[in-house]
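Visitor: Please look closely at the backbone where its geometry is out of the ordinary, and then follow the chain into its nonpolar interior.

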Amino acid sequence: METENRKILLVEDDPNFGSILKDYLILNDFEVTLAKNGMEGFEKFKKDNFDLCILDVMMPYKDGFTLAKEIREKNKEVPLIFLTAKTMKEDILKGYKVGADDYLNKPFDSEVLLMKIKTILARKASETKVEDNRFEFTIGKFHFNSKLRYLTFENEEPIKLSPKENELLKLLAVHENDVMKRELALTRIWRDDNYFTSRSMDVYIAKLRKYLKKDEDVEILNIHGDGFRLAIKNSSLI
């Protein structure tokens with residue numbers, strides 16, 4: 001994913017750490033605005049359009065949670081990543097409750113942060129496709145209604161999908177005959193990208209394959225190292 005011209009608001013009260021992190025992100029082709037506390041961060045947020053915000057939790061004048069709430073009142077969609085030196089479960093849960101997309105404990109590997117940023121931005125870009133208000137899809141000889149969570153083969157009784165099966169099939173259907181990135185599904189549906197959630201997704205992919213095998217022209221393909229593709233023969237999208 002291209003990162004050039006992507007704007008990040010970095011709010012960090014440690015001047016040395018903030019400066020180093022800003023320079024690192026700039027080296028990776030982001031435009032970065034640095035604020036030294038929550039009050040300054042909110043003023044800068046109001047004056048520009050940002051693609052992502054990185055917020056330190058413990059700051060003078062206004063902490064990261066309060067700043068996140070104010071940002072969410074202005075913009076419900078901009079991704080938020082919290083940075084904290086604390087590892088209390090309560091703080092992590094509080095962060096997610098105010099709308100965090102991810103959470104990193106200090107000290108952390110800058111490459112991990114970079115990966116998380118790229119994954120979140122890729123997900124947001126793909127959500128433009130996903131959230132186009134469509135809820136009915138034709139998948140070969142199947143009719144899929146994601147609002148009711150029904151998958152129907154020809155005139156048979158519909159299968160009621162589980163919530164995760166439903167979300168996963170919708171992502172595949174929106175990306176029909178195109179690659180659905182593995183990290184997109186993991187971060188959007190499971191809210192995390194790790195070994196265990198990845199294995200869990202593989203189980204759900206196997207379930208969907210079992211449902212779809214009634215139509216030999218429909219197949220979920222593994223795209224090695226990238227994700228999956230819902231391949232439909234004779235599709236108008238091919």
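Guide: Asp29 lies in the loop between helix 1 (15–27) and strand 2 (30–35), where helices (H or I, at least four residues) and strands (E, at least two) are DSSP runs numbered from the N terminus. This is a predicted model, in which local features need pLDDT of at least 70 and side-chain atom pairs count only at pLDDT 80 or more, while totals for chains, interfaces and linings use all residues. Residues are numbered from 1 along each chain as its sequence is written, and side-chain values use heavy atoms, with hydrogens and water left out.

Phi of Asp29 is near 75°, a positive value in a residue other than glycine, and Asp29 is partly exposed at 47% relative accessibility (buried means under 20% relative accessible area, exposed over 50%, partly exposed in between, with a 1.4 Å probe and protein chains only). Glu154, in the loop between strand 8 (150–153) and strand 9 (159–160), also has a positive phi, about 45°. A cis peptide bond, with omega about -5°, joins Lys106 and Pro107. Most residues other than glycine have a negative phi, and most peptide bonds are trans.

Turning to the interior, the largest nonpolar core (buried Ala, Val, Leu, Ile, Met, Phe, Trp, Tyr and Cys residues joined through side-chain atoms within 4.5 Å) has 29 residues, of which Ile139, Leu168, Leu172 and Leu230 touch the most other members. Helix 6 (163–174) and strand 12 (227–232) are among the elements that each supply at least two residues of this core, and helix 6 gives the largest share, six residues. Beyond its neighbours within four places in sequence, Leu230 is in contact (heavy atoms within 4.5 Å) with residues including Ile139, Leu172 and Val218.
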